[in-house]
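Okay, thanks everyone, let me get the model up on the screen. I'll go through the core first, then one helix pair, then a couple of single residues.

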Amino acid sequence: MAGFFEFSMMRIRNDVDQKLLAELFYEYLNVEEDFIKDLFTNCETKLGRTFVNEPALDKGINLTVLDYEKASEVIKTASHIGVGICYCRHKMEHLGKAAMHLWIFV
């Protein structure tokens with residue numbers, strides 16, 4: 001079910017009350033946190049992954065960063081790319097707590 005909540009908030013839309021959804025999601029995920037704790041700590045499927053900020057790497061240090069860890073490589077080899085509103089920030093914007101940013105999906 002990863003993405004079920006997120007996809008409902010990754011576009012600005014008028015067919016659903018996104019402010020109400022944001023309030024309900026916030027309550028479910030941030031206040032009543034048993035669900036989210038269980039989701040992140042007791043499942044095998046990882047919901048996200050960390051990428052290396054390549055420009056921040058010190059060129060003087062001999063490091064090996066695998067292609068799997070490079071956002072540039074993932075973007076370069078992607079067969080499809082989608083751009084959407086960041087679910088977390090869109091939710092928080094409706095709550096008056098954040099600015100809106102974009103996510104890029106590869």
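So, a definition to begin with: a nonpolar core here is a set of buried Ala, Val, Leu, Ile, Met, Phe, Trp, Tyr and Cys residues joined through side-chain atoms within 4.5 Å. Buried means under 20% relative accessible area, exposed means over 50%, and partly exposed is in between, with a 1.4 Å probe and protein chains only. Please keep in mind that this is a predicted model, where local features need pLDDT of at least 70 and side-chain atom pairs count only at pLDDT 80 or more, while totals for chains, interfaces and linings use all residues. Residues are numbered from 1 along each chain as its sequence is written, and side-chain values use heavy atoms, leaving out hydrogens and water.

Right, the core. The largest nonpolar one has 8 residues: Phe-5, Met-9, Met-10, Ala-22, Phe-25, Leu-29, Ile-36 and Tyr-87. Its largest share, 3 residues, comes from helix α2, residues 18-31. Helices (H or I, at least four residues) and strands (E, at least two) are DSSP runs, numbered from the N terminus. If you look at Phe-5, and skip residues up to four places away in sequence, it touches Phe-25, Tyr-28, Leu-29, Phe-35 and Tyr-87; contact means heavy atoms within 4.5 Å.

Zooming out for a second: the protein has 5 helices and 2 strands, in the order α-α-α-α-β-α-β. Buried residues make up 19% of its 106 residues.

Now the helix pair. How do α2 and α5 cross? The axes of α2 and α5 (residues 87-94) come within 8 Å and cross at roughly 110 degrees; axes are lines fitted to C-alpha atoms, for helices over the stretch in contact, and angles run from 0 to 180 degrees between N-to-C directions. That makes α2 roughly perpendicular to α5, a label for 65 to 115 degrees, with under 35 being roughly parallel, over 145 roughly antiparallel and the rest oblique.

On the α2 side, the residues are Gln-18, Lys-19, Ala-22, Phe-25, Tyr-26, Leu-29 and Asn-30, and they meet Tyr-87, His-90, Lys-91, Met-92 and His-94 in α5. The residues of this contact divide into 6 nonpolar, 4 polar and 2 charged. For that split, Ala, Val, Leu, Ile, Met, Phe, Trp, Tyr, Cys and Pro are nonpolar, Asp, Glu, Lys and Arg are charged, and the others, Gly among them, are polar.

Within α5, Tyr-87, His-90, Lys-91 and Met-92 are buried. Arg-89 is in α5 too, but at 39% relative accessibility it counts as partly exposed. Just after α5, Gly-96 takes a positive phi of about 75 degrees.

Last one, Ser-8. Buried or exposed? Ser-8 sits in the loop between α1 (4-7) and α2, and at 15% relative accessibility it counts as buried. Leaving out residues up to four places away in sequence, Ser-8 touches Arg-13, Gln-18, Leu-21 and Phe-25.
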